[in-house]
Amino acid sequence: MPRLGGSPCHSRGHPSSTGREQAPSKSSGSPSLGLLWVALALALALALSDSRAGAHPLPIQGPDVLGRLVPQLRAAFGWWNLSCPACKGLFTAIDFGLKRESGVAWVGSVATKMCMRLKIAPPAVCQSTIQLFEDDMVEVWTRSVLSPSEACGLILGSTCGKWDIFSSWNISLPDVPKPTPQPPKPPAPGAPVSRVLFLTDLHWDHDYLEGTDPNCEDPLCCRRDSGPPPASRPGAGYWGEYSKCDLPLRTLESMLSGLGPAGPFDMVYWTGDIPAHNIWHQSRQDQLRALTTVTALVKKFLGPVPVYPAVGNHESTPVNGFPPPFIEGNHSSRWLYEAMAQAWEPWLPAEALHTLRIGGFYALSPRPGLRLISLNMNFCSRENFWLLINSTDPAGQLQWLVGELQAAEDRGDKVHIIGHIPPGHCLRSWSWNYYQIVARYENTLAAQFFGHTHVDEFEIFYDEETLSRPVSVAFLAPSATTYIGLNPVRAPFL
Ligand SMILES: [Zn+2]
Ligand SMILES: [Zn+2]
């Protein structure tokens with residue numbers, strides 16, 4: 001399996017299965033979205049218990065805990081002698097009540113109180129985060145764990161419904177025999193070299209302010225709202241700070257303007273996370289301002305060099321909220337993908353813009369013999385709460401990837417994959433399927449590039465038969481941002 005690492009740019013409420021956490025995250029005091037989830041879930045559970053006197057609240061910490069509590073739930077509901085139609089009627093009523101404006105507000109206020117009582121974050125942060133998340137969360141919960149079919153399938157068994165939250169699934173590989181593995185050959189001396197700039201995790205903070213407190217109580221500091229530091233300690237620096245702070249625009253500008261001697265570059269891989277970590281207080285307008293401002297900055301300094309971006313988990317708001325394309329209307333990601341397609345239009349061909357608009361992923365051929373595939377890794381993410389509704393190959397992205405890789409194999413092309421969240425951080429079934437694909441196309445897939453962890457790492461994929469022969473590598477670039485307590489990395493290049 002790929003080596004796993006902790007990540008400062010995702011919440012730590014969902015522990016990675018075999019992951020280690022990195023020092024910066026541990027000391028960060030960063031917002032724990034997982035715990036905020038718990039507060040919201042508790043509020044929903046209370047809403048349930050409130051809906052019928054004496055009802056037992058639903059468990060609170062996701063499918064694993066739910067699984068362990070199934071016997072107790074069944075016993076409790078069995079005690080009520082709940083029939084399947086009554087169960088479904090009950091959950092239909094609960095969902096109806098919760099989805100009403102007053103229901104959402106009630107869930108939000110209970111969750112806020114819990115967030116404060118459990119000291120998950122400072123009160124103002126609790127309040128704004130839950131306000132930001134409550135609507136989407138209630139929508140997701142009523143369409144997943146609290147939907148009549150899921151909930152009653154869990155409580156009363158498969159004769160009443162189907163509980164399949166995060167269940168396993170398989171993509172299908174074409175019926176083409178795998179070519180004999182070819183060990184990679186180093187290029188011949190004097191072979192042409194292509195220089196690729198690798199940018200990731202810029203995290204521009206619009207509200208960065210020199211002299212403010214770098215160790216404030218909030219999850220992100222060095223900002224207008226952080227207040228002054230205590231007299232004994234210095235304030236935030238002009239360029240940035242070794243603390244839980246992101247970067248002012250001037251630092252990104254300086255980084256990009258100083259690239260000259262490292263170039264010229266043939267192309268740029270830019271693997272996402274443009275906005276700051278003030279996830280408790282972000283609007284769609286804020287996110288779009290970050291997208292257009294930083295894209296303009298990259299264009300200004302890279303000039304005609306083509307830039308190939310990938311979608312990070314911080315591009316959306318609420319953070320990590322990336323509904324698959326079957327979610328339509330105001331909850332959908334259309335507002336974001338449409339803006340990305342407009343901002344990145346000079347760099348991407350029409351077919352890439354088409355799939356970008358649908359699901360935030362695309363493929364293109366930067367040069368003869370090379371296919372570049374940009375994945376939307378939010379569709380693999382444990383923190384993308386929309387996947388509770390359906391986590392089976394969201395947007396059909398992996399099946400599409402197989403088609404792309406097979407076509408590249410047929411043409412004799414090599415492939416680079418870029419994305420934000422590295423595959424070792426993904427939901428189990430997504431990761432397993434991705435691993436199958438990487439192993440099947442090991443001759444075609446030349447390298448993978450990701451960000452998100454903010455540190456310089458790599459993940460190695462091994463053959464599935466012996467787990468000893470490396471078949472692919474994913475390079476994880478360090479972040480431009482100093483978040484948390486890191487050196488700002490001048491963009492590395494390959
Ligand atoms: Zn990040
Ligand atoms: Zn990230």
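**Questions on a predicted model**

Colleague: His203 lies in the loop between which strand and which helix?
Modeller: Helices (H or I, at least four residues) and strands (E, at least two) are DSSP runs, numbered from the N terminus. By that numbering, the loop that holds His203 runs between strand 1 and helix 8.

Colleague: What kind of model is this?
Modeller: Residues are numbered from 1 along each chain as its sequence is written, while chains are lettered from A and ligands numbered from 1 in the order in which they are written. Local features need pLDDT of at least 70, side-chain atom pairs count only at pLDDT 80 or more, and totals for chains, interfaces and linings use all residues, in what is a predicted model.

Colleague: Is His203 buried or exposed?
Modeller: A residue is buried if 20 or more other C-beta atoms lie within 10 Å of its own, exposed if 12 or fewer, and partly exposed in between, with C-beta atoms placed from the backbone. His203 has 28 other C-beta atoms within 10 Å, so this residue is buried.

Colleague: What is the phi of His203 near?
Modeller: His203 is a residue other than glycine. Its phi is nonetheless positive, near 45°.

Colleague: Which other histidine has a positive phi, near 70°?
Modeller: Look in the loop between strand 7 (445-450) and strand 8 (457-462). The residue there has 29 C-beta neighbours inside 10 Å, so it counts as buried. The residue with phi near 70° is His454.

Colleague: Which four residues touch the most other members of the largest nonpolar core?
Modeller: A nonpolar core is a set of buried Ala, Val, Leu, Ile, Met, Phe, Trp, Tyr and Cys residues joined through C-beta atoms within 7 Å. The largest one here has 116 residues. Those touching the most other members are Trp204, Leu252, Val268 and Val294.

Colleague: Which helix gives the most to this core?
Modeller: The core draws at least three residues from each of domain 1 (31-156) and domain 2 (196-208 + 246-476), with bounds from an automatic or database domain assignment. The top contribution is nine residues, from helix 6 (residues 123-143).

Colleague: Which residues does Val294 touch?
Modeller: Two residues are in contact if their C-beta atoms, placed from the backbone, lie within 7 Å. Residues up to four places away in sequence are not counted. That leaves Leu202, Trp204, Leu252 and Ile274.

Colleague: Against which helix do the buried residues of helix 8 pack?
Modeller: Thr251, Leu252, Met255 and Leu256 are buried in helix 8. They cover an arc of only 130° around the axis (taken from the directions from the helix axis to the C-beta atoms), which puts them on the same side of helix 8. They pack against helix 9 (284-302).

Colleague: Why do the buried residues of helix 4 line one face, and within what arc?
Modeller: Buried in helix 4 (residues 84-99) are Cys87, Lys88, Leu90, Phe91, Ile94 and Leu98. On the other side, Pro85 and Phe96 are exposed. The buried residues line one face because, seen down the axis, they fall within an arc of 160°.

Colleague: Which residue takes a positive phi in the hairpin of strand 4 and strand 5?
Modeller: Strand 4 (residues 362-367) and strand 5 (residues 370-374) run antiparallel, joined by four bridges; strands pair if DSSP finds at least two bridges between them. Leu364 stands opposite Leu372. Two residues lie between the strands, and the one with phi near 90° is Gly369.

Methods. Expected span 1.5 Å × (residues − 1).
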